[in-house]
Amino acid sequence: MSNFISNAISNKNNEKLKEEEIKKELLRESENQKPILNIKKNESKTLSYNKILELLTFKDEEYYNDDTSSEYHNEIVDDQMDFYKLVYNARIDEPRNMKLTKISENDNQNKNYQLANATLITLVRNSELDQILETIKQIESTWNHKYHYPYTFMNEEEFSKEFKEKVSKICSGKINYAKIPNEMWSKPKNIDPILEKQGLDRLVENNIQYATMESYHNMCRFNSAYFYNLDILKNYKYYWRFEPGTNYYCNIDYDIFKFMQDNNKIYGFTISLYDNPYTVETLFPKTLEFLKENPQYVNKNGAFKWITEDLQNPEITKLANGYSTCHFWSNFEIGDMDFYRGEAYSKWMEFLEEAGGFYYERWGDAPVHSLGLALFADKSKIHWFRDIGYFHSPYFNCPNSDKCSGCQTAEFAPPDVFDQNCLSNWIKYEMTKEQLFQY
């Protein structure tokens, strides 16, 4: 990492740095990253399994060495956070050189604006009413009061009368309620109780949160493999997932769902993190088993480096058997449900269901969605919504924009979890310089 970055970040007057200087340094950083795979016109459409393994072998010549000391680890974390802050300190507005659709005042008044086939969704309990109301108010005030997109509320139990009455008062769009079918929510019959106990004991030994809470395992499985096939959601293509107790800081003027549709995007995120490796010890090996039998599903332009990077947290990658554990934090995500409904993801889900890792370990929907996207999707169709200010404790996405208020530019989280930030890897290894400068 250049001295420019360190000096820029430590400078008390950093906010006054010329935008051109920041962009110049970002361009230098992005140009250092070489494409992971050059595709030739006459090359086979299907990668061989050996080629897939080659692509999933991480190497970064700039940093790579055998130093496992805490000092070297801290140096990498500091460099990654310096780069993160450099990116975030660049002033942004809306996406540039991309199609944006905005509702006119006339359309809004006459209610003749054509919405995309989309809904906001949340998995929420009656007991979380106050928290979800606060989050909905923020989504409405920063965006949906202009467009009035529908909401879909999901629960394994019936929603209370109070819940429905209070929610209806603040949602500007149509409201759907979905009671999750038992077969989508409850632990399946193929789970071996002996293997489950052994797995849970290991999670408890390693102080894994929610290790023995069956409803949490149910939630992870449902969000990974089933939500997009709920009867009510089969009517929609795009979704925006939100959760109770989360905050939104930036006004967005354009139609986010039409942005996805018109710019051929299948997934959007704000935050990327590492996961606890004990929760996903066998997820990557099991996935490799699937890929060995089904190499045709791997996209040649996948995000291979992001899911195999082993510099920042090498012990995590080792414990997760080759998976960096980098993932999109899925409590906020905007996506195309047809990706999950497609053959590659569906066949993989069937395989993972048989493996039982949602209950023998604690496979989460964030790493599952992320691995699926990294392997089966063209990474150019994944979009970092850096203009959507967002917070889910303890992590922020806070851009330098006049449209944002209530958060501190470039804030990520408390220093003791800086090493959990994987966004710098996504920017460096998976984004093109054109994508970096889209804002």
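Trainee: Which residue of strand 11 is the bridge partner of Asn247?

Mentor: This is a predicted model, in which local features need pLDDT of at least 70 and side-chain atom pairs count only at pLDDT 80 or more, while totals for chains, interfaces and linings use all residues. Residues are numbered from 1 along each chain as its sequence is written, and side-chain values use heavy atoms, with hydrogens and water left out. Strand 5 and strand 11 (residues 390–392) pair in the antiparallel sense over 2 bridges, where pairing requires that DSSP finds at least two bridges between the strands. Within strand 11, the bridge partner of Asn247 is Phe391.

Trainee: Which strands stand at the edges of the sheet with the order 5-11-12?

Mentor: This is an open sheet of 3 strands with antiparallel pairing, its strands being DSSP runs of E with at least two residues, numbered from the N terminus, as are helices (H or I, at least four residues). Two of its strands have a single partner each, so one side of each is left without a neighbour in the sheet: strand 5 (247–248) and strand 12 (395–397).

Trainee: At which residue does helix 6 bend?

Mentor: Helix 6 (residues 129–147) has 19 residues, yet its end C-alpha atoms are only 23 Å apart, short of the 27 Å of a straight helix, the expected span being 1.5 Å times one less than the number of residues. The bend, taken as the angle between axes fitted to the seven residues ending at a residue and the seven starting there, is about 65° in helix 6, at Ser141.
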